[in-house]
Amino acid sequence: MEDNVCRIVKVDKEALFEFIYEEFIAHHDDMLDISPVDCINSFAIDWENGTFIFIAHEAEDDDGNIVPFPKDIDINKVLANIPATTTSLLSPSKIYKDYNFDELRDLIIKSER
């Protein structure tokens, strides 16, 4: 690089969240302790509050049937009501928390009361 030259990258919110999502996909094993091959991923973004949620769950049941993310669980409501699972994505400790589908349903129901 030449002297007195700066190389700059500026991205908007959509590109920033796209980058975060792609990083989760690329580093699935390290960040979530689960193989990306065996998972289905969902994500949501709250643009107003600047929050992001990434959900990974087993892709197949014991019989080999695809397990989609349940349609009755609104991922945006989960995002709005679930507490942060980490204060840093660079933390050497676990950054995720496990919830089963019923716990997510209960979280939404409690928030609507």
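This note goes through the pocket, the aromatic residues, some backbone angles and the cysteines of a predicted model.

1. On the largest pocket. The space in the largest pocket comes to about 1000 Å³. Its lining is made up of 34 residues, and those closest to the centre of the pocket are I53, F54, T85, Y96 and K97. Four elements give two or more residues each to this lining, namely α1 (13-26), β2 (51-58), α3 (75-81) and α4 (101-111). The element that gives the most is β2, which supplies eight residues.

2. On the character of the lining. Sorted by class, the residues around the largest pocket are 22 nonpolar, eight polar and four charged. K97, which is among the residues closest to the pocket centre, also lies over the face of Y99, at 4.6 Å from the centre of that ring.

3. On the stacked pair F24 and F54. Across the whole structure, a search finds eight aromatic pairs. In one of them, the ring centres of F24 and F54 are 4.9 Å apart and the ring planes meet at 20°, so this pair counts as stacked, the cut-off being planes under 30 degrees apart. The two partners come from distant parts of the chain, since F24 sits in helix α1 and F54 in strand β2, 30 residues apart. Both are placed in the buried class, for which the relative accessible area must be under 20%: F24 has 8% relative accessibility, and F54 has 13%.

4. On the tilted pair F43 and F52. Here the ring centres are 6.0 Å apart and the planes stand at 35°, so the pair is described as tilted. F43 has a relative accessible area of 37% and is therefore partly exposed, whereas F24 in the stacked pair is buried.

5. On the aromatic cluster. Which residues form one aromatic cluster? The members are F17, Y21, F24, F43, W47, F52 and F54, and a reader following the two pairs described above will find F24 and F54 as well as F43 and F52 among them.

6. On positive phi angles. As a general background, most residues other than glycine have a negative phi. N4 is not a glycine, yet it has a positive phi of about 60°; N4 belongs to the segment before α1 and is exposed, with a relative accessible area of 84%. D33 likewise is not a glycine and has a positive phi, in this case of about 55°. D33 is located in the loop between α2 (28-32) and β1 (39-46), and with 56% relative accessibility it counts as exposed.

7. On the cysteines. How many disulfides does the structure hold? The number is zero. For two of the cysteines the accessibility can be set side by side: C6 is exposed, with a relative accessible area of 66%, while C39 is buried, with a relative accessible area of 10%.

8. On A56. This residue is found in strand β2, the strand that also holds F54. With 28% relative accessibility A56 counts as partly exposed. A56 and F69 are separated by 13 residues in sequence, and their C-alpha atoms are 9.1 Å apart in space.

Definitions and conventions. Residues numbered from 1 in each chain as written. Predicted model: local features only at pLDDT ≥ 70, side-chain atom pairs only at ≥ 80, totals over all residues. Heavy atoms only, no water. 1 Å grid on protein atoms, 1.4 Å probe; cavity = no way out; pocket = protein on both sides within 12 Å on 5 of 7 lines; lining within 4 Å. Points joined across faces, edges and corners; volume = space filled by probe spheres on them. Nonpolar A, V, L, I, M, F, W, Y, C, P; charged D, E, K, R; others polar. Phe/Tyr/Trp six-rings, centres within 6.5 Å; stacked < 30°, edge-to-face > 60°. Buried < 20%, exposed > 50% of the residue type's maximum accessible area, 1.4 Å probe, protein only. Lys NZ or Arg CZ within 6 Å of the ring centre and 35° of its normal. Disulfide = S-S within 2.5 Å.
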